Amino acid sequence: MLTATSTKDINVWKEERRINREMAFDETDILGGKAVILMNVHEMWQFRMWVASEKKYVRESLKTRDKALAIELAENKVYAIGYKLQQGEKIFGITVDEACNEFLKHKEKQVGLGEAGIVKGRFETIKTHLRHFIGYTGRKIKANEVTKLLLQKHVVDGIETDYVSYRKQADASDSTIRNELSSIGMCFTWLAENGHTNIHKLKLPYTAKNKYDIDNNLIRRQTFTADEYRAFTNAFKSFVAVKKNELSEDKLYDRLICRDYLLFQANSGMRSGELRQLTWENVEIKKYIEGNKQLFVADVTVEAHTSKVRKGRQFISLGAEYLMRIAKTTNRTEGLIFSRDGKTQLHNSFIWKGFEQVMRHANIDKKRKKQLVPYSLRHFFITKLIQDGGSFEQAAMHCGTSVKIVQNTYLHINEKMKVKTAISRHNITDKGYELVDVHI
């Protein structure tokens with residue numbers, strides 16, 4: 001029997017029923033009080049039923065003046081509603097908030113399934129993206145009430161806006177917004193396939209037009225120059241300097257971990273998620289000797305379940321000295337490398353905070369400091385590798401991505417290489433460039 005489940009529910013139900021009785025005519029119980037029918041001022045029969053699980057009344061017009069027919073229609077509605085509730089369905093539809101949570105439950109089941117699933121870091125990112133989306137929509141809007149134009153036009157805190165403008169107010173970057181829209185679109189595709197909404201695809205905000213391809217100018221701006229990277233590494237001296245009453249033992253420990261994390265990222269080109277999950281078991285330090293010189297390198301294996309693209313890879317990286325140093329700092333060579341205890345992953349906020357603190361000490365132009373981010377170290381690695389003679393194929397294999405993505409993302413390097421290739425066919429004279437004969 002569908003009844004209220006708490007004293008508060010019962011009181012709400014009784015009070016509303018009393019008020020409706022005063023306003024209605026000839027109120028009649030249906031199926032022993034599971035619902036009622038009542039005649040309105042226009043002498044049309046109405047249906048009303050309390051759904052305790054959702055704390056709401058179902059109210060519908062029966063569109064008849066015939067009481068016998070009204071009773072029959074009302075009984076059918078009670079049975080239909082009861083059946084839906086037994087099947088676990090929502091009578092009033094689930095909210096966007098609830099719908100997103102259903103999608104997240106689905107994605108969480110895919111964590112750790114290898115190539116068929118996603119990594120934990122990716123799941124947390126999707127979760128964050130949808131949290132911003134819920135902030136935009138509010139928690140009360142129903143998933144089945146969403147229109148295709150939701151991202152283009154919505155009222156937030158009494159002000160009409162669109163999703164891009166809403167996120168821009170929180171200083172979100174274009175790339176962040178692009179990724180959020182991708183997660184939102186993926187969510188709604190799943191919701192439509194599972195009957196929570198009829199909307200398969202939301203239209204992007206007008207202001208987002210042409211902004212969701214790779215922003216090559218942004219990539220170029222976010223890449224360290226050689227001088228900037230030198231200033232960045234020099235700033236670590238101040239970053240880990242122990243001054244009186246400034247750094248506690250715990251804070252210094254955190255900074256030492258952050259220092260070697262950032263330096264090894266610049267030398268390895270690894271993604272943040274891969275680095276935070278990198279274990280000592282997947283790293284082998286090797287020493288190469290040539291004459292009087294010796295070089296330490298790190299033989300790194302990235303497990304598929306820790307990679308954004310869910311494909312494992314193995315590569316040789318410079319920067320082994322930073323791994324050797326962090327081993328001394330943490331006094332261990334097992335478990336997670338970049339971790340306080342070897343078991344708990346560092347959060348992205350830990351790295352961002354450390355990066356920003358280093359940048360405060362770096363002798364870099366203030367405007368440029370705002371453009372550089374932790375991911376700039378990966379951009380710098382790939383740029384340097386290619387500029388030093390490495391191929392796009394080598395960069396793609398080392399960094400765990402495709403040749404096409406490297407070519408498209410680092411278009412500015414590609415253009416420089418084309419110019420360099422063209423110039424290589426010329427001799428430089430006092431009068432400028434002179435074409436060199438090419439024999440084929």
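In this predicted model, strand 3 and strand 4 form a hairpin with four residues between them. Within that turn, lysine 55 adopts a positive phi of about 55°. The two strands, with strand 4 covering residues 56-61, run antiparallel and are paired over six bridges. One place to find this pairing on the structure is phenylalanine 47, whose bridge partner in strand 4 is glutamate 60.

Strand 3 also has a partner in strand 2 (residues 35-39), to which it is joined by four bridges, again in the antiparallel sense. Here valine 36 stands opposite arginine 48 of strand 3. Strand 2 and strand 3 make up a hairpin as well, with five residues between the strands. In this hairpin, the residue with a positive phi is glutamate 43, at a value near 65°.

How many of the seven residues of strand 3 are buried? The count is seven of the seven across residues 45-51, so the strand is largely enclosed by the rest of the structure. The side facing one way carries Trp45, Phe47, Met49 and Val51, while Gln46, Arg48 and Trp50 point the other way, and all of these are buried. Arg48, the residue opposite valine 36, is thus listed among the buried residues of strand 3, as is Phe47, the bridge partner of glutamate 60.

A further set of paired strands is found later in the chain. Strand 7 (residues 283-290) and strand 8 (residues 293-302) are antiparallel, with eight bridges between them. Valine 283 has valine 300 of strand 8 as its bridge partner. The hairpin formed by strand 7 and strand 8 has two residues between the strands, and glycine 291 takes a positive phi near 65° there. Strand 8 is in turn joined to strand 9 (residues 313-317) by five bridges, and this pair is antiparallel too. In strand 9, glutamine 314 is the residue that stands opposite threonine 301.

Threonine 301 also leads to the cavity analysis, as Thr301 is one of the residues lining the largest cavity. The count gives one cavity of 30 Å³ or more, and the largest cavity holds about 50 Å³ of space. Its lining includes Met270, Glu274, Gln277, Leu278, Thr279 and Asn282, together with Thr301, Val302, Glu303 and Thr306. By residue class, this lining comprises three nonpolar, five polar and two charged residues.

Turning to the helices, three individual residues illustrate buried positions. Aspartate 260 belongs to helix 10, which spans residues 249-268. Is this aspartate 260 buried or exposed? With a relative accessible area of 0%, aspartate 260 is buried, because the cut-off for that class is under 20%. Beyond residues up to four places away in sequence, aspartate 260 touches Tyr322, Arg325, Ile326 and Phe338.

Glutamate 228 sits in helix 8 (residues 226-234). This glutamate 228 is likewise buried, at a relative accessible area of 11%. Setting aside neighbours within four places in sequence, the contacts of glutamate 228 are with Thr223, Ile364, Arg368 and Leu372.

Alanine 192 is placed in helix 6 (residues 174-193) and is buried, with a relative accessible area of 12%. Apart from residues up to four places away in sequence, alanine 192 touches Thr197, Ile199 and His200. The C-alpha atom of alanine 192 is separated by 9.6 Å from that of alanine 143, which is 49 residues apart along the chain.

Helix 16 (residues 392-399) has Phe392, Ala395, Ala396, His398 and Cys399 as its buried residues. In general, an α-helix has 3.6 residues a turn, so residues three or four places apart point the same way. Just after helix 16 comes glycine 400, which has a positive phi of about 70°.

For the protein chain overall, the secondary structure amounts to 18 helices and eleven strands. Of the 440 residues, 42% are buried. Among contacts with a separation of 6 or more, 56% are between residues 24 or more positions apart. The accessible surface of the chain is about 26,000 Å², and carbon and sulfur atoms account for 50% of it.

Key
Residues are numbered from 1 along each chain as its sequence is written. This is a predicted model: local features need pLDDT of at least 70, side-chain atom pairs count only at pLDDT 80 or more; totals for chains, interfaces and linings use all residues. Side-chain values use heavy atoms; hydrogens and water are left out. On a 1 Å grid over the protein atoms alone, a cavity is a set of points where a 1.4 Å probe fits but cannot get out, and a pocket is an open set with protein on both sides within 12 Å along at least five of seven lines; lining residues have an atom within 4 Å of a point. Grid points are joined across faces, edges and corners, and a volume is the space filled by probe spheres set on the points. Ala, Val, Leu, Ile, Met, Phe, Trp, Tyr, Cys and Pro count as nonpolar, Asp, Glu, Lys and Arg as charged, and the others, Gly among them, as polar. Buried means under 20% relative accessible area, exposed over 50%, partly exposed in between (1.4 Å probe, protein chains only). Two strands pair if DSSP finds at least two bridges between them. Contact means heavy atoms within 4.5 Å. Accessible areas come from the Shrake-Rupley method with a 1.4 Å probe; for residues, only the protein chains shown count as cover.
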